[in-house]
Amino acid sequence: MEIYVYDREMTLQGVIDEISSLIWTRRYWACGEFKLLVPFTERHVALLLKNRLIMKRGDDEAGEIKYVNIKKNSQGLEEIEVQGKFVTGWIGKRVVRRQIVTTDNTQNILTRIVSENITNPSVAARIIPNVVIAAMEDLGSGTIEYASEYYMNALLACETAAKAAKLGFQITTDVKTGLHTFRVYAGRDLTSDNNDGNPPCTFSQEFDNILEQEYTNSVENLKTTAYVGGEELQDTPRKVAEVGGSTAGLDREEVFVNATDITQTYKDNNDNDVTMPDAQYIEMLEQRGASELGGMAETLAFSSKVNTHSNLQYRTDYDLGDRVTCINKRWGIKINVRITEISEVYEQNIPEIDITFGESLPALIDKIRQIAK
């Protein structure tokens with residue numbers, strides 16, 4: 001394992017090959033992070049400075065150092081610990097300064113958030129240098145009514161929209177050109193019953209590709225029905241949309257969502273006032289409600305430590321964002337679920353992979369079925 005250290009202009013500063021521990025966590029619809037522990041040396045101290053970028057050999061994702069700690073343990077061993085986030089986190093350096101109100105697919109909405117606030121904003125000082133947007137094929141995410149919150153953190157806006165559409169996004173780095181490229185992507189369907197012709201990917205202790213496994217199912221934070229209140233105006237009744245109203249009885253869990261930031265009259269790109277029809281405005285409120293409910297869904301997830309020497313090869317047979325099949329016959333569970341997080345753990349250059357399988361939508365619980373015995 002080798003770690004390459006760069007400055008912000010992607011000039012190589014040095015290579016580190018003495019690594020005590022590295023946890024490299026990738027996420028599908030959020031920014032990843034890392035934690036690196038190396039022996040204390042003068043060379044390591046000079047290399048591992050805040051705001052520098054690190055990359056694993058052969059990888060295209062870079063992490064930015066945001067935390068540096070030097071300590072001496074009880075055995076007298078001196079170590080340097082650095083932590084940070086992937087450069088996808090740079091999106092969070094900006095807010096959505098001009099509200100985005102549109103009818104479009106989620107892929108284009110994500111691209112627009114990055115374009116208007118990072119790569120091509122109206123104020124030159126807001127440009128983040130060397131960040132570009134990739135040309136992407138249509139991912140078929142479907143058209144929605146969308147309105148961003150005023151001055152919402154741009155990374156949070158991307159995470160919220162991507163999660164609702166089951167899309168992933170990331171910024172990859174090309175060390176040769178020095179460019180950091182934003183792209184939106186969709187994982188493959190590798191479930192045992194997929195219709196795309198993809199080789200299925202099944203995780204099961206029976207196949208010896210799982211070392212440890214944990215299953216979680218919780219309704220502690222579940223909400224099924226949202227009432228979404230729009231802007232408040234004098235002498236005008238407040239418009240309220242209802243989402244998930246078909247749920248009844250004890251299964252109905254209600255919540256109120258305050259969406260005063262979604263205004264029926266807004267400024268277009270030419271600073272002209274535009275008033276949307278009532279039906280479109282209600283759709284905007286419903287979309288906000290659906291997004292909020294997505295974060296209050298029934299929690300259902302597998303967490304597994306994968307056998308890296310098994311029949312499945314990481315990044316070839318499966319990768320972040322792919323939908324795969326998880327089986328535990330003893331627990332009576334079979335589930336088709338997305339890989340939403342992968343932690344690559346290196347201890348003394350011995351790799352381990354911890355995978356989190358899970359989706360946020362309440363409908364996921366309907367996909368679980370008992371295995372026929």
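**Legends to close-up views of the predicted model**

The side chain of T160 reaches the backbone oxygen of L156 at a distance of 2.8 Å. This contact, like every feature described in these legends, comes from a predicted model.

**View 1. T160 and its surroundings in helix α3.** T160 is part of helix α3. With a relative accessible area of 31%, T160 is partly exposed. Besides its polar contact with the backbone oxygen of L156, T160 is in contact with M152 and S291 when neighbours within four places in sequence are left aside. The C-alpha atom of T160 lies 8.8 Å from that of E292, although 132 residues separate the two along the chain.

**View 2. Helix α3, its ends and its buried side.** Helix α3 comprises 12 residues, 154-165. From its first C-alpha to its last it reaches 17 Å, close to the 16 Å expected at 1.5 Å a residue. Which residues of α3 are buried? They are A154, L155, A157, C158, A161 and A162. These residues lie on the same side of α3, because they cover an arc of only 160 degrees around the axis. The cover over the buried residues of α3 includes helix α2 (106-119) and the strands β10 (143-147) and β11 (168-174). At the N-terminal end, N153 acts as a cap to α3, with a side-chain oxygen 2.9 Å from the backbone nitrogen of L155. After the helix comes K166, which has a positive phi, near 60 degrees.

**View 3. Helix α4 and the strands that cover it.** Helix α4 runs over residues 278-294 and has 17 residues. Its reach from first C-alpha to last is 24 Å, close to the 24 Å expected at 1.5 Å a residue. The buried residues in α4 are Q280, Y281, M284, L285, R288, G289, L293 and G294. Among the elements covering these buried residues are β8 (101-105), β10, β15 (225-229), β16 (240-243) and β17 (254-258). Strand β10 also appears among the elements that cover the buried residues of α3.

**View 4. Two loop residues with positive phi.** Most residues other than glycine have a negative phi. M10, in the loop between β1 (3-6) and β2 (12-16), has a positive phi, near 65 degrees. Y151, in the loop between β10 and α3, also has a positive phi, near 55 degrees. Are these two residues buried or exposed? M10 is buried, with a relative accessible area of 8%, whereas Y151 is exposed, with a relative accessible area of 54%.

**View 5. S204 in strand β13.** Strand β13 covers residues 202-204, and S204 belongs to it. S204 counts as buried because its relative accessibility is 2%, below the 20% cut-off for a buried residue. Where does the side chain of S204 reach? It comes to 3.2 Å from the backbone nitrogen of E206. With residues up to four places away in sequence not counted, S204 touches N209, I210 and I327.

**View 6. T340 in strand β22.** T340 is found in β22, a strand that covers residues 333-347. With 11% relative accessibility, T340 counts as buried. Which residues does T340 touch, not counting those up to four places away in sequence? Its contacts are R26, R27, Y28, W29, L320, T356, F357 and G358.

**View 7. The whole protein, as a frame for the close-up views.** The protein contains 4 helices and 23 strands. Its radius of gyration is 23 Å, close to the 21 Å that the globule rule gives for 373 residues, so the protein is as compact as a globular protein of that length. Along the principal axes, the C-alpha atoms fill a box of roughly 70 × 65 × 45 Å. Of the 373 residues, 47% count as buried. Residues 24 or more positions apart account for 66% of the contacts with a separation of 6 or more. The accessible surface amounts to about 18,600 Å², and carbon and sulfur atoms contribute 46% of it.

Technical notes
Residues numbered from 1 in each chain as written. Predicted model: local features only at pLDDT ≥ 70, side-chain atom pairs only at ≥ 80, totals over all residues. Heavy atoms only, no water. Buried < 20%, exposed > 50% of the residue type's maximum accessible area, 1.4 Å probe, protein only. Polar contact = N/O pair within 3.5 Å; in protein donor to acceptor, adjacent residues only side chain to side chain. Contact = heavy atoms within 4.5 Å. Expected span 1.5 Å × (residues − 1). Arc of directions from axis to C-beta. Rg over C-alpha atoms; globule rule 2.2 N^0.38 Å. Areas by Shrake-Rupley, 256 points an atom, 1.4 Å probe, with all protein chains shown as cover.
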